[in-house]
Amino acid sequence: MGMREAQNSHVYWWRYCIRLENLGTEVVQLRERHWRIFSLSGTLETVRGRGVVGREPVLSKEQPAFQYSSHVSLQAPSGHMWGSFTFQRPGSSIFDVSIPSFSLESISEDGGPFSSPV
């Protein structure tokens, strides 16, 4: 998304889109998200909470998919994030779905990757 400079420190922003799709026959409801966000500055942040973007969508045969966008910021030009979603089936059984790592990379105005100051 971009970069902002404040008080001699840079903050880099990314927007990401997630599509959840139920390929099974059971109705499931998203209950929690758990993200791990690693910045090349050496920080590791954990984000955990109910649902996503204020919702706990139900995925069924009639409405099998839900898509949302969100954002993340780092104080380094690159990093990566991964996590899991916790879903609930009717009858209270729960299960987790892993989200593989994806990179957060910035491109400088000249089209190349940002270089870290030495």
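1. A good place to start is the second largest pocket, where strand S6 gives the largest share of the lining, 5 residues. Please keep in mind that this is a predicted model. S6 covers residues 65-74, and together with strand S3 (28-39) and strand S4 (44-50) belongs to the strands that each supply at least two residues of that lining.

2. What does this pocket hold, and what surrounds it? The space in the second largest pocket comes to about 170 Å³. Its lining counts 14 residues, and those nearest the centre are Tyr 16, Trp 35, Val 47, Ser 70 and His 71. Sorted by class, the lining has 9 nonpolar residues, 3 polar ones and 2 charged ones.

3. Stepping back to the whole protein chain, you will find 8 strands and 0 helices. Read from the N terminus, the order of elements is therefore simply β-β-β-β-β-β-β-β. The chain has 118 residues, and 34% of them are buried. Of the contacts between residues at least 6 apart in sequence, 60% join residues that are at least 24 apart.

4. Strand S3 is a helpful one to follow by eye, as several pairings involve this strand. S3 and S4 run antiparallel and share 7 bridges, with Phe 38 having Leu 44 in S4 as its bridge partner. These two strands form a hairpin that leaves 4 residues between them, and Gly 42 in the turn shows a positive phi of about 105 degrees.

5. S3 has further partners. With S7 there are 10 bridges, again antiparallel, and Glu 32 is bridged to Thr 86 in S7. With strand S5 (residues 58-59) there are 2 bridges, also in the antiparallel sense; here Gln 29 finds its bridge partner in Val 58.

6. S7 in turn pairs with strand S8 (residues 94-105), antiparallel and through 10 bridges. Gln 88 stands opposite Ile 94 of S8. The hairpin made by S7 and S8 has 5 residues between the strands, and Gly 91 adopts a positive phi near 95 degrees there.

7. Is Thr 86 buried or exposed? This residue sits in strand S7 (residues 78-88), and it counts as buried because its relative accessibility is 13%, under the 20% limit. Its side chain makes a polar contact of 2.6 Å with the side chain of Asp 96. Apart from neighbours within four places in sequence, Thr 86 touches Gln 29, Leu 30, Arg 31, Glu 32, Ile 94, Phe 95 and Asp 96. Glu 32 in that list is also the bridge partner of Thr 86.

8. Which part of the chain holds Asn 22? Look in the loop between strand S2 (9-21) and S3. Although this residue is in a loop, Asn 22 counts as buried because its relative accessibility is 14%.

9. The side chain of Asn 22 has two backbone partners worth viewing. One of its polar atoms lies 2.9 Å from the backbone nitrogen of Gly 24, and the side chain also reaches the backbone oxygen of Glu 26 at 2.7 Å. Farther along the sequence, setting aside neighbours within four places, Asn 22 is in contact with Val 27, Val 28, Leu 59, Ser 60 and Pro 64.

Methods. Residues numbered from 1 in each chain as written. Predicted model: local features only at pLDDT ≥ 70, side-chain atom pairs only at ≥ 80, totals over all residues. Heavy atoms only, no water. Buried < 20%, exposed > 50% of the residue type's maximum accessible area, 1.4 Å probe, protein only. Polar contact = N/O pair within 3.5 Å; in protein donor to acceptor, adjacent residues only side chain to side chain. Contact = heavy atoms within 4.5 Å. 1 Å grid on protein atoms, 1.4 Å probe; cavity = no way out; pocket = protein on both sides within 12 Å on 5 of 7 lines; lining within 4 Å. Points joined across faces, edges and corners; volume = space filled by probe spheres on them. Nonpolar A, V, L, I, M, F, W, Y, C, P; charged D, E, K, R; others polar. Pairing = 2+ DSSP bridges.
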